[in-house]
Each structure stands twice: as C-alpha cells, then as structure tokens.
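Me: I'd like a close look at one part of this model: how its strands pair up, and what the backbone does where the chain turns back. Start with a bit of context, then stay on that part for as long as you need.

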Amino acid sequence: VVGAGITAEVEGVGLVKAGKAEFAELTLPKFSDGVWDIASIVAVSVDNKPIGAFALADALKADTAEAIGRLKKHNIDVYIMSGDNQGTVEYVAKQLGIAHAFGNMSPRDKATEVQKLKAAGKTVAMVGDGINDAPALAAANVSFAMKGGADVAEHTASATLMQHSVN
C-alpha cells in the first residue's frame, strides 16, 4: 500500500501488515527518551491486531554536512522530503542546518512539492535512491539517483551517482 506498508495473507497465520504504525493498527505510547521520535517505526499486525514494532535509524554519512554547507554557500535552498515521520526528518534537518523539512510524504506528495517549487520559478535538482523517490526524480529539472538504490530510481533519474557520496 503506497506510503503505508505491505500486506500478505499468510497461510496458518492470517492477514499480516507491516509498515507505519497506524497502518498496522498500532497506537504507539509516548516515550520519555525521545528515541522513537527520531527513528522510522515499523509496526506489525496480524488480523488487524498489533503484535509489535521496531525502530530503524540511519547515521548521517560523514560528508553530508559538508556537502549541504557547500550548496548553501552557493545560495541553493536545500529541502528534505521523506516518508519518514516528521520528528525524524526535523531531527536530521536540525543536524544539517536545513530549514525545509517535510516528513510523512508519499511518492505523490514529493512529486507535487517538486512541481510547486518549479511553478514558483525554482530550478529543482532532486537526489533520491528509492522507489518512492521516482515520481519526484521524474518531475525535477535534473535528478540524480544513488548507485545501488532501487532500479526504478536509477532508470528515472537524469544521472546515476556511482559513489555513495555527493561530495
């Protein structure tokens, strides 16, 4: 289910859903340590009864802040558009000094935001590596996929970066 998760009818188990908490019928408690607010939550349910959740988080690449800084030096506005929860996106944006941070975005939302920026007279360069980035990669003036990402991202982008770095 685009932007929400996946489902499967598993023989002997039932209807299994994995994805965003609300998709898997899970209401997360409020945690005082905040770690769940800066991670992507994957919840699992069976027959619409939640059975668990786990948190995923990526560390920033060592050269990311430097690359963002160089873009900003050239007066290039930097945006983060992600399907991750808003808290995670804001946490990353704060670490990198990025003012425009959009979370909970579907693939369509990302493409719509790119179209809005273009309609406002901006030239848009998009970098992405996932299936969910393909519509925005296609909508951008120029786009870059990361080698080793989803095939559809590589085939949609204007160019594929062969290294795992934009520096």
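Reply: Context first, and keep in mind that this is a predicted model. Of the contacts in the protein with a separation of 6 or more, 32% are between residues 24 or more positions apart. The protein has 167 residues, and 33% of them are buried. Along the principal axes, the C-alpha atoms fill a box of roughly 55 × 35 × 30 Å. The accessible surface comes to about 10200 Å², with 56% of that belonging to carbon and sulfur atoms. On the charge side, there are 15 positive and 19 negative side chains, and the centres of the two sets sit 8 Å apart.

Now the secondary structure. The protein has five helices and nine strands. Read from the N terminus, the order is β-β-β-β-α-β-α-β-α-β-α-β-α-β, and the part to zoom in on is the run of four strands that opens that list.

Those four strands make an open sheet, ordered β1-β2-β3-β4, with antiparallel pairing. The edges are β1 (5–10) and β4 (49–56), each of which pairs on one side only. From one strand to the next, the twist averages 15°. As general background, strands of a sheet pair through backbone hydrogen bonds, in either a parallel or an antiparallel way.

Let's settle on β3, residues 40–46. On one side, β3 pairs with β2 (residues 14–19) in the antiparallel sense over four bridges; in that pairing, Ala18 has Val44 of β3 as its bridge partner. On the other side, β3 and β4 are antiparallel too, this time over seven bridges, and here Val46 stands opposite Lys49 of β4. How enclosed is β3? Largely, by the rest of the structure, because six of its seven residues are buried.

What happens between β3 and β4? The two strands form a hairpin with two residues between them, and in that hairpin Asp47 takes a positive phi near 50°. Asn48 is in the loop between β3 and β4 as well, and its phi is near 65°, again positive in a residue other than glycine. Is Asn48 buried or exposed? Its relative accessibility is 38%, so Asn48 counts as partly exposed. The cut-offs behind that label are under 20% for buried and over 50% for exposed.

There's a useful companion to Asn48 elsewhere in the chain. Asn104 has a phi near 55°, positive in a residue other than glycine. Asn104 lies in the loop between β6 (100–102) and α3 (107–119). With a relative accessible area of 42%, Asn104 is partly exposed.

For contrast with the antiparallel sheet, look further along the chain. Three strands form another open sheet, in the order β7-β8-β9, and there the pairing is parallel. Its edge strands are β7 (125–128) and β9 (159–161), each pairing on one side only. Neighbouring strands in this sheet are turned by 25° against each other on average, direction ignored. Within the sheet, β7 pairs with β8 (residues 142–146) in the parallel sense over four bridges, and Ala125 has Val142 in β8 as its bridge partner.

To pull the close-up together: β3 has β2 on one side and β4 on the other, is largely enclosed by the rest of the structure, and runs into a hairpin where Asp47 takes a positive phi.

Notes: Residues are numbered from 1 along each chain as its sequence is written. This is a predicted model: local features need pLDDT of at least 70, side-chain atom pairs count only at pLDDT 80 or more; totals for chains, interfaces and linings use all residues. Side-chain values use heavy atoms; hydrogens and water are left out. Two strands pair if DSSP finds at least two bridges between them. Axes are lines fitted to C-alpha atoms, for helices over the stretch in contact, and angles run from 0 to 180 degrees between N-to-C directions. Buried means under 20% relative accessible area, exposed over 50%, partly exposed in between (1.4 Å probe, protein chains only). Contact means heavy atoms within 4.5 Å. Accessible areas come from the Shrake-Rupley method with a 1.4 Å probe; for residues, only the protein chains shown count as cover. Lys and Arg count as positive and Asp and Glu as negative; His and the chain ends are not counted. The place of a charge is taken as NZ of Lys, CZ of Arg, CG of Asp or CD of Glu.
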